[in-house]
Amino acid sequence: MQIIRNERNLGFAAACNIGARTAVAPYLLFLNPDCYFVPGTLSILLDALRADGQAGMVGGLLINSDGSEQPGGRRAIPTPWRSFVRAFGLNRFADRWPKLFFDFHLHKQPLPARPVEVEAISGACMLVSREAVQQVGLWDDAYFLHCEDLDWCMRFRQKGWKILFVPTAKMSHALGVCSSSRPLFVEWHKHKGMMRFYRKFFRHQYPFLLMGLVAVGVWLRFALVAASHLFKRMCRSLKADHG
């Protein structure tokens, strides 16, 4: 085993690339430090990847501490329209008009019985083939954190590689634990990553006005989230002063 320690935080994608360039195995596993799976789970993922010659990436079932499925383990690509639908709660009309108001999160749908192709999985756990990576390229390290996994999924599919969700490969994921100490830092890079993702893949597919509305929506959301964090911090400080 080789452990590589970076002198500073380079971001998730850049760190993954350093490991990928060093590794020599035919399959590469990218796993968040807040993920845990029982023995045998990795074998299930590897078997699914090997079983389909067109599969370049597989991911498993991310579960919360209460056993419920987390969003993100299986999902569709959040296009600007899909993001608009979700941001304004229009996904509640998906039962009546599923194609128009489709929700890109799939965790509320019934679990499939076997591995299925999806548009995207979570960067919390990705097992990929080196052959696919050699065609697709490494992670885009211009992302610091968030959306770099969606970027890679888009590029895998553009090169004709399947992405599989494997429901029998279960793993616990302590969502947000690693980033809880610096919430505003994380939110800034999360929204910055969103903008890079939208500009990179959808700038020429959507009208300028819609892309402008998406940008306004992204940064308005960041402003609201930041204000909420600051308000809560101020309340805690006042409570401590008068406690």
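Student: What makes the largest nonpolar core a core, and which residues have the most contacts inside it?

Tutor: A nonpolar core is a set of buried Ala, Val, Leu, Ile, Met, Phe, Trp, Tyr and Cys residues joined through side-chain atoms within 4.5 Å. "Buried" means under 20% relative accessible area, with exposed over 50% and partly exposed in between (1.4 Å probe, protein chains only). The largest such set has 40 residues, and Phe-30, Met-57, Met-126, Val-128, Trp-152, Phe-156 and Phe-197 have the most contacts inside it. Helix H6 (residues 183-202) brings the largest share, 6 residues. A second, separate core has 16 residues, including Phe-37, Leu-45, Val-166 and Ala-169.

Student: What are the ground rules here?

Tutor: This is a predicted model: local features need pLDDT of at least 70 and side-chain atom pairs count only at pLDDT 80 or more, while totals for chains, interfaces and linings use all residues. Residues are numbered from 1 along each chain as its sequence is written, and side-chain values use heavy atoms, leaving out hydrogens and water. As for H and S labels, they are DSSP runs numbered from the N terminus: helices are H or I with at least four residues, strands E with at least two.

Student: Which residues is Phe-30 in contact with, leaving aside its neighbours within four places in sequence?

Tutor: Contact means heavy atoms within 4.5 Å. On that test Phe-30 meets Cys-16, Ala-20, Gly-123, Ala-124, Cys-125, Met-126, Val-128, Trp-139 and Trp-152.

Student: Why is the Asp-52 and Lys-162 pair called a salt bridge?

Tutor: The label needs a side-chain nitrogen of Lys or Arg within 4 Å of a carboxyl oxygen of Asp or Glu. Here N to O is 3.2 Å, so the pair passes. It links distant parts of the chain: Asp-52 sits in the loop between helix H2 (41-51) and strand S3 (55-63), and Lys-162 in strand S6 (residues 162-173), 110 residues apart. The whole structure has 8 salt bridges.

Student: How do you know whether Arg-196 and Asp-140 are buried or partly exposed?

Tutor: Go by the percentages. Arg-196 has a relative accessible area of 30%, so it is partly exposed, whereas Asp-140 has 12%, so it is buried. Their side chains meet in a salt bridge at 2.8 Å, N to O. Arg-196 is in helix H6 and Asp-140 in the loop between helix H4 (130-136) and H5, so the bridge ties together parts 56 residues apart in sequence.

Student: What separates Asp-151 and Arg-155 along helix H5?

Tutor: About one helical turn, because they are 4 residues apart in H5. The closest N and O atoms of their salt bridge are 3.1 Å apart. Asp-151 is buried at 0%, and Arg-155 counts as buried at 15%. Salt bridges with shared partners join Asp-140, Asp-151, Arg-155, Arg-196 and Lys-200 into one network.

Student: Why does Glu-148 have no salt bridge?

Tutor: The nearest side chain of opposite charge, Arg-75, is 7.3 Å away, so the 4 Å limit isn't met. Glu-148, in helix H5 (residues 148-158), is buried all the same. A polar atom of the Glu-148 side chain does lie 2.9 Å from the backbone nitrogen of His-146.

Student: How do you know that the buried residues of H2 are on the same side?

Tutor: They are Thr-41, Leu-45, Leu-46, Ala-48 and Leu-49. They cover an arc of only 160° around the axis, so they sit on the same side of H2; the arc uses directions from the helix axis to the C-beta atoms. Arg-50 and Ala-51 are exposed on the other side of H2.

Key. Lys and Arg count as positive and Asp and Glu as negative; His and the chain ends are not counted. A polar contact is a pair of N or O atoms within 3.5 Å; within protein, one must be able to donate a hydrogen and the other to accept it, and residues adjacent in sequence count only if both atoms are side-chain atoms.
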